[in-house]
Each structure stands twice: as structure tokens, then as C-alpha cells.
Amino acid sequence: MMQDIKDEKAEHVTQSVEEYVFKEDDNASQHQNEFGHGNGSWSTAYFNVVCVVAGTGTLGLPKAFATGGWLGILILFLAWAMSVYSGIVLIECLYHKPGERLHDFKQIGKAAYGWVGYGITALLHFLNLFGCPALYLVLASENMHQMLAGTTGALTQPIWVIIWGCFLLIPLILFRTLKEITVIAAIGAICTMMAVFVVVIQGPMYHNAHPEIEVTHDGVIWTGFPSALSTIAFSFGGNNTYPHAEHALKKPKQWRWAVTAGLTTCTALYILTAVPGYWSFGSAVKSPVYDSLPEGAGKLLSMIVMTIHVIFAIPIYACSFALEFERFCRIDETRIGKIFAFLGRAAVRSVTIVILCILAIFIPYFDAFMSLIGALCNCGLVFLIPVLCHLRLFGIRKRPIYELAFVALTLLLGVVGCVFGSIDAVKDLISKFNEDHQ
């Protein structure tokens with residue numbers, strides 16, 4: 001009896017999603033305005049997805065293949081399909097209650113599993129929102145330190161972190177929502193494509209020019225499977241920014257196509273980087289992959305464009321956090337006026353950048369921390385929480401058997417990556433820490 005009631009609720013909720021969000025008739029704009037949707041186009045969401053998802057993951061995937069072997073190709077395609085499914089059902093969860101829209105990732109956890117769900121989701125959510133951009137700051141500052149070493153412009157890595165932090169304050173304070181930073185996201189996406197082009201060309205060229213260098217490959221390395229999975233999971237992170245990206249759309253129905261196209265683009269870039277990178281350098285490949293390239297214009301270009309990319313991706317994470325905190329503090333123009341709202345936003349976003357800079361200065365071992373965040377946060381945020389919440393809010397019955405099988409596989413990989421990947425990443429961090437202090 002209770003299950004029948006739940007099924008009826010699921011059908012009613014599905015109809016509500018279509019009625020309030022995904023209709024494209026003359027009254028659609030009225031429903032969208034109920035939920036405060038912006039005026040962004042399809043490209044707004046597409047470039048936000050590509051910029052926030054592709055990036056350091058692109059640089060780390062050849063190393064993931066070296067850890068798990070060529071099996072990484074299969075894992076990569078599975079992760080793509082699972083992340084697309086996760087991105088779609090996540091947004092559906094926002095509209096599970098007729099006539100209402102939840103605001104962010106944390107509220108989905110609360111709606112599905114109460115305060116326990118809220119607490120777990122909030123923990124992973126904030127670890128990701130601060131961990132990923134902090135890693136981006138680490139990478140950008142290390143690149144600047146390396147590129148300018150030995151010149152009059154040489155500065156230490158912490159100083160570059162502070163410089164980048166001050167630079168990032170400008171767009172973060174001037175632009176209120178993700179809609180306004182579409183141009184920044186587009187530039188970041190283009191930079192990633194340029195870096196991929198360099199690796200695709202120069203990696204195989206170097207391999208063919210140096211046949212004396214032995215390159216080893218493995219079909220599958222089972223002991224490295226969890227670490228490879230966590231790195232690949234990191235490459236598809238970004239789910240917790242999706243509610244804000246979808247909220248900026250004028251036509252929310254376009255979200256499913258925007259997230260599918262965006263993640264497909266990212267996967268294509270990943271394949272173009274991971275396969276030639278692993279084939280060229282084998283088990284000796286480094287993370288980020290351009291550290292394996294020979295010194296020259298190609299390596300320098302890839303470092304420059306990836307530095308631009310990660311810097312332009314940081315405002316998307318920071319803006320997502322700021323929007324949630326500003327909503328919590330009720331910082332809006334209708335309540336306190338334009339001037340005080342601007343000052344409030346400036347204060348929140350300045351403190352956000354300060355926290356990111358502090359984290360970036362004290363985070364060592366880029367690749368190990370990337371694996372830890374990928375295992376602990378992204379496996380949960382991409383493969384586990386959206387799927388579990390959707391099952392809870394919409395029920396299990398009346399789902400086709402192939403969807404249930406796919407959901408089960410998604411949850412299995414999520415658990416394996418989260419648990420065993422975190423263990424491997426912590427062991428790696430401890431090992432590197434001990435090596436530096438011997």
C-alpha cells in the first residue's frame with residue numbers, strides 16, 4: 001500500500017517536473033520566473049560545465065592510466081555515462097516537490113535523508129568547493145614559479161598564490177552569478193583544448209624520436225584500480241555547481257542537453273590526452289602530463305594555457321559557494337538595498353578567496369591531494385549522492401531493469417572509488433610526507 005502511494009507520488013512528481021520546468025509553451029516563462037531562473041542561453045551552461053569539469057583532470061588522466069593500465073579507457077567511458085546520468089537526475093531532484101525548486105546540493109540531501117543527508121552532503125560539498133579551487137591555485141602558482149624561474153620575475157609559490165587571489169577578486173566581486181562569467185568559462189574551455197592539442201602532437205613525436213627510451217604499458221593493474229578510479233572521478237567533478245548553472249538558464253529544459261554535450265566534450269578531450277600521453281610515456285608519465293614533455297615551446301604553451309584555464313575555473317567554484325552563503329545570510333538587494341548588498345557580497349567573496357589562498361599555500365603534493373579529493377568528494381558527489389537521493393525521492397518501482405542495473409553499477413563503482421581510493425590516497429600522502437622529512 002505504501003509503495004503504491006510512493007509510485008503515485010513519483011508519477012505526480014515527474015509530471016510536475018515537466019509542467020513547471022521542462023515545458024516550452026507560451027506559459028513556460030511564468031513557471032521559470034517562479035523559481036527565479038536567469039536569462040542564460042544553452043551555451044551558458046555548456047561552457048560552465050566544460051570549464052569546471054575539464055582541467056586538471058585532463059592533466060592527470062595519463063597518470064591514472066599508468067596506475068590502472070589500459071582498463072582506464074573502459075572506466076573513463078563508464079564514468080562519462082554515469083556522470084551524465086548523475087547530472088540529469090540531480091537537477092530532477094531539485095523539482096521533486098510540485099511547484100517548488102530546491103536551491104542547492106545540500107537541500108537535496110536533506111529532502112531525501114533528513115539532517116543526516118544534509119550533513120554528509122554539506123561536508124562533501126564544501127570540501128569539494130574549497131578543495132578543487134585550492135588545488136587549481138596550487139597548480140597555477142607552481143606553473144608561474146616554474147616558468148619564471150631564473151628570471152627577474154621569479155617569485156616564490158606562496159607569493160604567486162596571493163597574486164592570483166587578488167586577481168580573482170575582480171571578476172568574483174563584479175559578477176553576481178554564473179551567467180555573467182560565461183565568457184570566462186568559454187576562454188577556460190578553449191585553453192584546455194589548446195593544451196590537449198599540444199599533448200596529442202608532441203607526446204607521440206617525442207616517443208618516436210627516442211626509441212631508445214623503454215616505455216612499458218599494462219592492460220590492467222588491479223591493485224591500482226581504486227586510485228585510477230578516484231582520479232577519473234576527480235576528472236568528472238563539478239556536480240555541486242550544476243544547480244547554479246541550471247538556475248542561470250532561461251529555458252531549464254536545455255539543461256539535460258547542455259550537461260550531456262559538456263561532459264561528452266570533456267570525455268573527448270580526456271581520451272585525446274590520456275591515450276597519447278600513456279602511449280608516449282608509459283608507466284613513467286607524470287601528473288600533470290606536461291611535466292613529461294621535453295623542454296621547449298610546446299611544454300611552455302601547455303603550461304600557460306592550463307594556468308589560464310584553472311584560474312578561470314576558480315570563479316565558478318567560488319561563485320557557487322558565495323551564492324549559497326549569501327542566500328543563507330539573506331544578502332539581496334530587495335531586502336538591504338543595492339549598496340549594502342554589494343558590500344555584503346564583496347565581503348563574503350573576499351573571505352572566500354582568502355580561505356582558498358591559505359589552503360593553497362599549505363597544500364603540498366598536488367597529485368596525491370587530487371586523488372584524495374577525487375576519491376572522497378567526487379566519488380560521493382558524482383556517483384553516490386545524486387543517485388541515492390533520486391531513488392529516495394522518486395522511488396524504485398516502474399524504473400526499467402536496465403536503468404536499475406546501471407544504477408547498481410554506478411553505486412558499486414562509487415563505493416569502491418570512495419573507500420579504497422581514499423585509503424590509497426592517504427597512504428600516498430603519508431609516504432610522500434615521510435620521504436620529505438627523512
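**Entry 1. A pair within helix 12**

I began with Phe321 and Phe325, which lie four residues apart in helix 12 and are therefore separated by about one helical turn. I note here that the model I consulted is predicted. I looked up the geometry of the two rings and found an aromatic pair of the stacked kind, with 5.9 Å from centre to centre and 25° between the planes. I recorded the burial of each partner as well. Phe321 has a relative accessibility of 13% and counts as buried, because buried means under 20%. Phe325 has a relative accessible area of 35% and is partly exposed. I then followed the ring pairs outward and found that they link Phe126, Phe130, Phe321 and Phe325 into a cluster.

**Entry 2. Helix 12 itself**

I next looked up the helix that holds this pair. Helix 12 covers residues 297-328, which is 32 residues. From its first C-alpha to its last it reaches 48 Å, close to the 46 Å expected at 1.5 Å a residue. I asked myself how many of the 32 residues of helix 12 are buried. The count is 24, so the helix is largely enclosed by the rest of the structure.

I chose Met306 as an example from helix 12. Its relative accessibility is 0%, so I entered Met306 as buried. I also compared sequence and space for this residue: Met306 and Met193 are 113 residues apart in sequence, and their C-alpha atoms are 9.4 Å apart. Just after the end of helix 12, I noted that Arg330 takes a positive phi of about 55°.

**Entry 3. The chain as a whole**

I then stepped back to the protein chain. Its secondary structure comes to 16 helices and zero strands. Of its 438 residues, 55% count as buried. I looked up the contacts between residues at least 6 apart in sequence, and 85% of them join residues at least 24 apart. The chain exposes about 18700 Å², of which carbon and sulfur atoms supply 68%.

**Entry 4. The nonpolar cores**

Which residues have the most contacts inside the largest nonpolar core? I found Leu137, Tyr242 and Trp255, in a core of 107 residues. Helix 6 (residues 105-147) gives the most to this core, with 15 residues. I listed the partners of Leu137, leaving aside its neighbours within four places in sequence: Val161, Trp164, Leu168, Ile311, Ile314, Leu356, Cys357 and Ala360. Apart from this core lies another, of seven residues, and I wrote down Tyr85, Val89, Leu384 and Val387 as being among them.

**Entry 5. A second aromatic pair**

Finally I returned to the rings. A search of the whole structure finds 15 aromatic pairs. I looked up Phe236 and Tyr270, whose ring centres are 5.4 Å apart and whose planes stand at 90°, so I entered the pair as edge-to-face. The pair links distant parts of the chain, its two residues being 34 residues apart. Phe236 is in the loop between helix 9 (225-235) and helix 10 (242-247), whereas Tyr270 is in helix 11 (residues 255-281).

Are these two rings buried or exposed? Phe236 counts as buried, at 0% relative accessibility. Tyr270 is buried too, with a relative accessible area of 0%. I close with the two geometries side by side: Phe321 and Phe325 are stacked, while Phe236 and Tyr270 are edge-to-face.

Methods:
Residues are numbered from 1 along each chain as its sequence is written. This is a predicted model: local features need pLDDT of at least 70, side-chain atom pairs count only at pLDDT 80 or more; totals for chains, interfaces and linings use all residues. Side-chain values use heavy atoms; hydrogens and water are left out. The expected span of a helix is 1.5 Å times one less than its number of residues. Buried means under 20% relative accessible area, exposed over 50%, partly exposed in between (1.4 Å probe, protein chains only). A nonpolar core is a set of buried Ala, Val, Leu, Ile, Met, Phe, Trp, Tyr and Cys residues joined through side-chain atoms within 4.5 Å. Contact means heavy atoms within 4.5 Å. Accessible areas come from the Shrake-Rupley method with a 1.4 Å probe; for residues, only the protein chains shown count as cover. Rings of Phe, Tyr and Trp (its six-membered ring) pair if their centres lie within 6.5 Å; planes under 30 degrees apart count as stacked, over 60 as edge-to-face and the rest as tilted.
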